[in-house]
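Let's take a walk through this protein together, stopping at a few spots along the way. Keep the structure open beside you as you read.

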Amino acid sequence: MITTKLLDRVCLNEAWALRSAAEDTRSGETLSTLDASTEGWLPVDLPTTVLGALVEDGRFGDPFFGDQFKQIPGQGPHAQNFSNHEMPEGSPFATPWWFRKEFLVDADAPAYLGLQLDGINYRANVWLNGQLVASSDQLVGSYCDHEIDLSQQLRRGERNALAIEVIPPLPCDLAISWVDWNPSPPDKNTGLWRDVWLRRHGPAGLRDPYVITQLDEQGRAAVTIAVDVLNATDDPQSVDVRACLGNRQTEKRVCLAPKERRRVTIDPSDDAQLLIAQPELWWPRGLGEAKLHELTVEAVVEGQVSDRTVQHVGLREITSELTELEHALFRVNGKPLLIKGAGWATDLFLRRQPERDWAQLQYVKAMNLNTIRFEGMLERGDFLEQCDRDGLLVIAGWCCCDCWEKWDEWSGESHVVALGSFRSQLRRVRRHPSMMTWWYGSDFPPPEHVERAYLEVLEQEGWPNVTQSSAANKPTSLTGPSGVKMEGPYDYVPPSYWLEDENRGGGFGFATEICPGPAIPPIESLRKMLPQENLWPIDAMWNDHAGGQEFHQVEHFARAVEGRYGDVEDVDTFAQLSQLLSYDTQRAMFEAYVSNRHDGQRGAATGVIQWMLNNAWPSLIWHLYDYYLRPAGSFFGTQKACAPLHVLYAYDDRSVRVSNDGLQSRIGLTLRARVLSLDGQVLYDETRKVDVPPHATATGTVLANYAHRDEPVFIVLELYDEQAELVQDNVYALPAKLDVLDHAKQSWIHTPVVEHADLRALRKMSNAPIDLCLNREPSSRIDETRIRVELRNPSDQLAFFIQLRACDQHGEDVLPAIWSDNYVSIPPKASRTITLRLPIPQQQQDVIRVEARGLNIARLIATVNDEDAEGPRDVPSPALRHAI
């Protein structure tokens, strides 16, 4: 892992003790002495919330199964935003909780010792060795970083006792909120939810270094190195700031008054080396390599290194402009980029789960997305560092629907906390090349006096990126149009909606949060989250695992499943058909924005953020993969639509279009478009050459209207590159008549469906006999197993919507599973090759099975058994295939 390294940083996350202040009434003065007993306290490691620690200790069983979450005491109003309500009387979480730790400080520790608290929810009193060193009127705000100078209070060469009294948030505190995404934890995430550590350095210290890159018309990069320098002494200090960026070394002297903290910048006017003629730039996914450079900064006092930081930075410039239709168009290094992203949710109890986070970022890349949005859920530094390496852009901002937007209810403290939170987070994230923009309003822009204060903080902190006043299409008097829109939908709409709607979520502009509604997980996940007796029919327990408020149901989606595909009599069928519907709706949403991308000449779409990427707990709505990391219909519909070179069918005008994300034109591509009947009869077959400019979409052909057939047809699209290699295929089950929508009754929630498209005939197709074969492939990663999956359809019938699932020898899913394609449809007499990557070290001799099932194929299982393989890269003997 690439991490920021300080001259001397001591992590204090381990070996704490936790207890409710209602259960242990001793004072902080007593608890922060070495002879204070913690018998009966709960041992914990940080970061943790109170409830998170109790759940990890097994106090409440599995709160994610069935309705067990509702058995935790202290619940807020059912399906409401708990952050806006008081904790109920008698809640065990309505009282402060104590976190206590003892630790040794070296006898030769440097002059400055500072306690760093990266995340307190919500306020705290800190006691050290029997003394109150910081009080709750100072240590307040979930997103405020706090540094306490303990140079004089800490006992060098001895053990020290630290006791932190954490006080939970009140309804109008600027805290952490879950809105309507999922139930809110009864403790409101009270705790020490980020790192606690000891900062150590000499008389001068460094804080928050970063770089600013500006590109000129010749492509040269003017680089500014910026860092805050602190004089930790009571005397004036001369400090030499030395920086090394790659192989470029530079320095600057600064004279600081006692205790002064000052921003020091070194730019090309100070050192011509920082005007780089041929810079190795950082690019987001799809545009180039995410190149990182090592930046070392030292503070030197009287020839001695007082502090040092080492981190990795990217040289890039991110800008935003308004198109002729006032849509925000983002550019990276001067090149336009269609933003394709999704909204992030962290763990419900804010537990640190680095392996899970890593897996989810692999999923983001596998889906061909380029952006993650944080609405209040601002992730830790190691997460952002992974985004830096992976070329994933990040949108950050405050949360909606709580005190962050209740400006008329803010107190004087609220204003202080808001600006302190903003300053803390800007300093924390501005060094990351992945950071694209900050939306300092959410559903609404702040009033003028608050926006002006935010803008002042942005200027003071040298924010090197873009900002918008909110995620909504609401201009302000200070910054004008935001260039983005937030008009929904959030509940079910059919595939044709996205190119039909011209008022709200349709494929135009920059949509900051939209989606086609619920995303029912596969049957394996449903069985993990719901008791057997609640699996079918849909009941109140399903609603408990949906969203809050207006979204405490999956009714519209369930009605659409039966309306499109026919009656459903069991949960297995419902789960399978749900994947088909989610695939089609999710693919259509992204394809509408891809198809209508702004290319400087035509198109009006500049970005789209799916609401959401993932869930904080097992949920039935708003995700592209479920809580158990099981990818399904939504995932693979997104993966298909967001491919960098993509062929698609447009529901509005029946055209077939090719989209190119890249910086280079694609000349001489070959497009083959076919229309097949349900029994495999060829109704249309055409091959054409297509040229596509960079960052553009080109029309290849226009298909006829097949409504007269009164039954669905299959549209089979294949795109071949300049070397006649298959780049992508895309198959649509097109109804004779598209869904009929009542646009007059549309709202920010959804647009009602008057008449569902009729796809019932898909369930009556003849079976297609499929061959399934597996072979191991070499992998460049020793911690990864790669399998080549071959599907062959020797029949005259299209094999439709084949789901592939990787299992171990016990039939349990191997997750995360990275598929190059899935939920595939194979035309007659054709084959498809798919790559599967699994988190299994190559040297392990595991049995791997792949199961295939679809709407018109018999269930198949193929097995790879490596017991006879000579080495981790050997290809095994032919796989065994059998039908069940």
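**Charged pairs, a covered helix and a patch**

A search of the whole structure turns up 71 salt bridges. Before we look at some of them, keep in mind that this is a predicted model. The basic idea is simple: side chains of opposite charge can pair when their charged atoms come close.

Let's start with R308 and E298. These two form a salt bridge, and their closest N and O atoms are 2.8 Å apart. The pair ties together distant parts of the chain: R308 sits in strand β22 (residues 304–313), while E298 belongs to strand β21 (residues 293–301), 10 residues apart. How covered are the two partners? R308 has a relative accessible area of 29%, so we call R308 partly exposed. E298 comes in at 16%, and because buried means under 20%, E298 counts as buried.

Now move along to E718, which has two partners to meet. One is R672: here the salt bridge has its closest N and O atoms 3.9 Å apart. This pair also links distant parts of the chain, with R672 in strand β35 (residues 666–676) and E718 in strand β38 (residues 713–720), 46 residues apart. The other is R674, whose salt bridge with E718 has closest N and O atoms 3.1 Å apart. Again the link runs between strand β38 and strand β35, and E718 and R674 are 44 residues apart.

So which of these three are buried, and which are partly exposed? E718 has a relative accessible area of just 3%, so E718 is buried. R674, at 9%, is buried too. R672, at 25%, counts as partly exposed.

Salt bridges can also join up into something bigger than a pair. D208, D228, R261, R263, R423, R427, R430 and E461 are linked in a network of them. Try picking out these residues in the structure and see how they sit.

Next, let's leave the charges for a moment and visit T606, in strand β32 (residues 605–610). Its relative accessible area is 1%, so T606 is buried. What does T606 touch, leaving aside its neighbours within four places in sequence? The contacts are T323, H327, A328, L329, L337, L338, I339, G509, F510 and H598.

A helix can be covered as well. Take α4 (residues 381–390): 7 of its 10 residues are buried, so this helix is mostly covered. The buried ones are F383, L384, E385, Q386, C387, D388 and D390. And what do they pack against? Their neighbours are the helices α3 (354–366) and α5 (412–429), along with the strands β27 (371–373), β28 (393–397) and β29 (435–439). Right after α4 comes G391, which has a positive phi, near 70°.

Our last stop is on the surface. There, E562, D567, E569 and D570 gather in a patch of negative charge. One of them, E562, has its place in helix α10 (residues 555–565). With a relative accessibility of 35%, E562 counts as partly exposed. Compare that with T606, which is buried at 1%, and you have two handy examples to keep in mind as you explore the rest of the model.

Conventions:
Residues numbered from 1 in each chain as written. Predicted model: local features only at pLDDT ≥ 70, side-chain atom pairs only at ≥ 80, totals over all residues. Heavy atoms only, no water. Patch = residues over 30% accessible without salt bridge, like charges linked within 9 Å, V, L, I, M, F, W, Y side chains within 5 Å. Areas by Shrake-Rupley, 256 points an atom, 1.4 Å probe, with all protein chains shown as cover. Salt bridge = Lys/Arg side-chain N within 4 Å of Asp/Glu carboxyl O. Lys, Arg positive; Asp, Glu negative; His and termini not counted. Charge placed at Lys NZ, Arg CZ, Asp CG, Glu CD. Helix = DSSP H or I, 4+ residues; strand = E, 2+ residues; numbered from the N terminus. Buried < 20%, exposed > 50% of the residue type's maximum accessible area, 1.4 Å probe, protein only. Contact = heavy atoms within 4.5 Å.
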